[in-house]
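Biologist: I am new to this protein and would like a close look at a single part of it, described slowly enough that I can follow along. Could you take the helical part and explain how it sits against what surrounds it?

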Amino acid sequence: ERRGERLMLVGTVVGNVWSTVKDPSLEGLRLLVVQPFTTGGESAETIVAADPLGAGVGERVLVVFGRAARHCIGKGHDIGFQTAISAIIDRMELTDGRGVDPVASEEN
């Protein structure tokens, strides 16, 4: 974090968002509900992120914020959204050697 704002996080896609009434700059954007990944149990927090990549429910993703998110979305600064999925994770390994499956339902 920098000055209280997040730069990026790893999360799991837990749902979709549909909206018929929205800011015109959000037209054509797919919105997903993402739950931040934690090593100490399940997080109660969720965020909504624009998805330019086509992630699916259960997949692990890298979420970016601010300027990086606007860049990933591809609409420059003329967009009313600052959270985006920038990667779908194939594999993740923690410093203690534990691997984290790319799909949440595959965990033991």
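Modeller: What follows starts with the whole chain, turns to the helix, and then moves on to the strands around it. Please keep in mind that this is a predicted model.

The protein has 1 helix and 7 strands, and along the sequence these elements come in the order β-β-β-β-α-β-β-β. Of the 108 residues in the protein, 36% are buried, while the exposed surface comes to about 6700 Å², with carbon and sulfur atoms supplying 49% of it. Among the contacts with a separation of 6 or more, 55% join residues that are 24 or more positions apart.

Helix 1 spans residues 66–73, and its buried residues are Gly66, Ala69, Arg70 and Ile73. These cover an arc of only 100° around the axis, so they lie on the same side of helix 1. On the face turned away from that buried side, helix 1 carries the exposed residues Arg67 and His71. What lies over the buried residues? The cover includes strand 3 (47–50), strand 4 (60–65) and strand 5 (83–88). Just after helix 1 comes Gly74, which takes a positive phi of about 85°.

Within helix 1, Arg70 deserves a separate look, as this arginine belongs to the buried set. Its relative accessible area is 13%, and Arg70 counts as buried because the cut-off is under 20%. The side chain of Arg70 also has a polar partner, for it makes a polar contact with the side chain of Gln82 at 3.2 Å.

A second buried arginine can be found in strand 4, one of the elements that cover the buried residues of helix 1. This is Arg60, which has its place in strand 4 and counts as buried at 4% relative accessibility. The side chain of Arg60 makes a polar contact with the side chain of Thr12, at 2.4 Å.

Strand 4 is also joined to strand 1 (residues 8–17), the two pairing in the antiparallel sense over 5 bridges; within this part of the picture, Gly11 has Val61 of strand 4 as its bridge partner. Strand 1 pairs in turn with strand 2 (residues 31–36), again in the antiparallel sense, over 6 bridges, and here the bridge partner of Asn16 is Leu32 in strand 2.

From the strands we can pass to the nonpolar interior. The largest nonpolar core has 11 residues, namely Leu9, Val13, Leu32, Val34, Ile47, Ala49, Ala55, Val61, Val63, Phe65 and Ile85. Strand 1, strand 2, strand 3 and strand 4 each supply at least two residues of this core, and strand 4 gives the most, with 3 residues. Val61 is a useful residue to follow here: leaving aside residues up to four places away in sequence, Val61 touches Leu9, Val10, Gly11, Val13, Val34, Ala55, Ile85, Ala87, Ile88 and Ile89. Apart from this core lies another one, of 10 residues, among them Leu26, Val64, Ile73 and Phe81. Ile73 leads back to where we began, since this residue is also one of the buried residues of helix 1.

Note on methods
Residues are numbered from 1 along each chain as its sequence is written. This is a predicted model: local features need pLDDT of at least 70, side-chain atom pairs count only at pLDDT 80 or more; totals for chains, interfaces and linings use all residues. Side-chain values use heavy atoms; hydrogens and water are left out. Helices (H or I, at least four residues) and strands (E, at least two) are DSSP runs, numbered from the N terminus. Buried means under 20% relative accessible area, exposed over 50%, partly exposed in between (1.4 Å probe, protein chains only). A polar contact is a pair of N or O atoms within 3.5 Å; within protein, one must be able to donate a hydrogen and the other to accept it, and residues adjacent in sequence count only if both atoms are side-chain atoms. Contact means heavy atoms within 4.5 Å. Accessible areas come from the Shrake-Rupley method with a 1.4 Å probe; for residues, only the protein chains shown count as cover. The arc is that of the directions from the helix axis to the C-beta atoms. Two strands pair if DSSP finds at least two bridges between them. A nonpolar core is a set of buried Ala, Val, Leu, Ile, Met, Phe, Trp, Tyr and Cys residues joined through side-chain atoms within 4.5 Å.
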